[in-house]
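Reader: Hi! I'm new to this one, could you walk me through it?
Author: Happy to, here it is.

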Amino acid sequence: MILIYKGGARSAVSNYRPISLTSVVCKQLEHVIAGYLRQVWVKSDWLYEGQHGFRPGYSCESQVITVCQDSEFFGRGASIDAIIIVFSKVFDLVPHDWLFTKLATSGVDSRVVAWVREFLVGRTQRVRLGGQLSKEVKVTSGAPQGSVLGPLLFLLYVNDTWRNIESRMRLFTDACIIYRKITNRNDIENLHKDLDTLEEWAVENGMKLNPGRCKAIRFTRTRVKNPLGYTLGDKKIPVASSCKYLGINLRRDLY
């Protein structure tokens with residue numbers, strides 16, 4: 001495993017992304033398993049249709065276009081409140097035991113579940129600093145970044161985030177946006193309930209949301225009269241007139 005610098009202070013451990021290095025033989029086997037998983041999930045239409053990450057025919061562009069098309073569908077004079085959700089250390093936090101349970105219920109062969117278990121269980125990691133190595137510690141969570149299977153295993157784990165959420169929700173791996181047409185106070189309250197539901201899912205599934213990095217924006221071509229006041233837990237979500245989502249700047253008028 002190697003660490004890739006993401007940005008910010010180089011002395012902060014959180015600013016590095018751990019990347020797993022695996023052999024060519026291992027990657028070839030991962031490709032075989034990944035192909036099988038995609039085949040089973042496509043045949044059964046198991047993956048959430050709003051998930052655009054790491055799927056053939058889907059991309060960052062397809063998700064952003066879908067969000068913009070939904071906004072047009074609601075009507076040019078409509079107001080749409082959108083919350084861009086940011087998860088914290090998503091690939092590192094996925095609990096292996098819960099991951100295997102979800103994999104077993106996704107319709108795949110039990111032998112594949114056993115293979116994935118062997119692929120993940122028993123991993124250890126340690127740190128080298130100035131020629132010295134730390135003690136090894138067991139890795140009990142995480143979908144290995146840099147592996148072939150890592151992204152698919154993460155899609156598997158977050159595939160049920162949309163359940164019990166009534167607003168529209170789109171995902172690109174861990175990038176998430178929830179939005180709803182706002183016509184009255186009840187619509188705002190319902191969107192807030194969906195945020196509470198998502199937060200409950202995160203707690204139940206061992207994941208963490210980062211309210212400080214989330215963004216709330218109202219897509220409209222009219223003047224915003226009332227300020228947005230959405231929260232996650234007891235923390236207010238910052239409001240923006242424009243925001244970057246999947247590398248594309250979205251302005252509140254969507255122009």
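**Charges and rings**

Author: Let's start with charge: the protein has 36 positive and 24 negative charges, and their mean positions are 7 Å apart. Lys and Arg count as positive, Asp and Glu as negative, while His and the chain ends are not counted. Each charge is placed at NZ of Lys, CZ of Arg, CG of Asp or CD of Glu.

Reader: Thanks! Anything I should know about the model?
Author: This is a predicted model, where local features need pLDDT of at least 70, side-chain atom pairs count only at pLDDT 80 or more, and totals for chains, interfaces and linings use all residues. Residues are numbered from 1 along each chain as its sequence is written, and side-chain values use heavy atoms, leaving out hydrogens and water.

Reader: New topic: how many aromatic pairs are there?
Author: A search of the whole structure finds five. Rings of Phe, Tyr and Trp (its six-membered ring) pair if their centres lie within 6.5 Å; planes under 30 degrees apart are stacked, over 60 edge-to-face, the rest tilted.
Author: One of the pairs is Tyr-48 with Trp-162, which is stacked, at 5.2 Å centre to centre and 10 degrees between the planes.

Reader: Where do Tyr-48 and Trp-162 sit in the chain?
Author: Tyr-48 is in the loop between α1 (24-43) and α2 (60-74), and Trp-162 is in the loop between α6 (150-158) and β8 (168-172), 114 residues apart.

Reader: And is Tyr-48 buried or exposed?
Author: Tyr-48 counts as buried because its relative accessibility is 11%. Buried means under 20% relative accessible area, exposed over 50%, partly exposed in between (1.4 Å probe, protein chains only). Trp-162, at 30%, is partly exposed.

Technical notes:
Helix = DSSP H or I, 4+ residues; strand = E, 2+ residues; numbered from the N terminus.
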